[in-house]
Amino acid sequence: MAKILSPNYQSLIDSKYWENTSLSDMDAQQWEALCDGCAKCCLHKVIDDDAVETPHYTHEGEAGETVYFTQVACQYLHDKQCGCTVYTTRTQKVPHCVKLTQDNLDAVFYMPPSCAYRRLHENKPLPSWHPLLNKGKKSKMHQLDMSVRGKTISEENVFEEDLPEHIVIWPLEIAD
Ligand code: SF4
Ligand code: SF4
């Protein structure tokens with residue numbers, strides 16, 4: 001069924017606000033609409049504070065930290081729908097759920113390179129598959145494998161100490 005866009009969302013698309021509004025100047029609707037719904041931020045990460053030579057890093061952060069993505073997802077992620085099942089209460093249910101805001105943009109480097117917030121923060125354009133550039137639809141993102149849909153294992157089935165065995169590189173790939 002075709003998604004029916006709210007008039008507000010359609011006017012956001014028409015305005016192309018992301019091209020001329022800085023992240024710090026965006027209002028709540030503009031900020032929220034930037035999220036592509038890829039759910040890569042719902043994947044568990046492994047942080048290595050030893051300098052390890054590997055192509056898997058997303059960002060070399062503080063004190064030589066290296067962040068690796070795994071295929072293991074939060075228990076509240078619906079893998080097939082690629083969405084959070086507890087969205088409105090997510091930060092209460094999952095204290096480490098990162099809700100990116102204008103006040104914690106430092107956390108943007110723990111987001112994948114395709115994340116819209118991270119891209120704008122790095123002065124890069126939105127990727128061509130982003131829903132804002134595709135009439136609000138996520139189909140192109142899914143087709144290009146830019147989301148986690150169908151690729152995750154629930155954290156309920158993995159011991160924390162085994163997370164390094166589930167490191168994957170696909171969350172770092174970007175199809176522009
Ligand atoms: S990685 Fe960024 S764009 Fe993708 S769902 Fe998370 S916050 Fe949204
Ligand atoms: S609570 Fe929802 S948004 Fe937060 S990590 Fe889990 S699935 Fe993702």
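Walk along the chain from its start and the secondary structure reads α-α-β-β-β-β-α-α-α-β. Tallied up, that comes to 5 helices and 5 strands. Keep in mind as you go that this is a predicted model.

Let's take the whole chain before its parts. It has 176 residues, and buried ones make up 22% of them. As for how the chain folds back on itself, look at the contacts with a separation of 6 or more: 64% of these link residues 24 or more positions apart.

Now for the sheet. Three of the strands, β1, β2 and β5, build an open sheet in just that order, with mixed pairing. Its edges are β1, covering 43-48, and β5, covering 153-154, and each of these pairs on one side only. If you want to see one of the pairings up close, go to β1 and β2, the latter spanning residues 66-73: they run antiparallel to each other, joined over 5 bridges. A handy spot to zoom in on is V46, whose bridge partner in β2 is Y68.

Next, the two ligands. Around ligand 1 you'll find 13 residues, and the closest are C35, D36, C38, C41 and C115. Sorted by class, that shell holds 10 nonpolar residues, 1 polar and 2 charged. Ligand 2 has its own surroundings: C42, C74, Y76, L77, C84, V86, R90, K93, V94 and C97. Here the class count is 8 nonpolar and 2 charged, with no polar residues in the shell. When you read those counts, bear in mind that Cys goes into the nonpolar class, so the cysteines listed around ligand 2, namely C42, C74, C84 and C97, are part of the nonpolar tally.

Finally, pick out a single residue, N134. You'll find it in the loop that runs between α4 (116-121) and α5 (139-143). Is N134 buried or exposed, or something in between? It has 15 C-beta neighbours inside 10 Å, so it counts as partly exposed; a buried residue would need 20 or more, and an exposed one would have 12 or fewer. Setting aside neighbours within four places in sequence, N134 makes contact with W129 and K140. There is also a long-range relation to check in your viewer: I13 is 121 residues away from N134 along the chain, yet their C-alpha atoms are separated by 9.0 Å.

Technical notes:
Residues are numbered from 1 along each chain as its sequence is written. Chains are lettered from A and ligands numbered from 1 in the order in which they are written. This is a predicted model: local features need pLDDT of at least 70, side-chain atom pairs count only at pLDDT 80 or more; totals for chains, interfaces and linings use all residues. A residue is near a molecule or strand if its C-beta atom, placed from the backbone, lies within 6 Å of it. Two strands pair if DSSP finds at least two bridges between them. Helices (H or I, at least four residues) and strands (E, at least two) are DSSP runs, numbered from the N terminus. Two residues are in contact if their C-beta atoms, placed from the backbone, lie within 7 Å.
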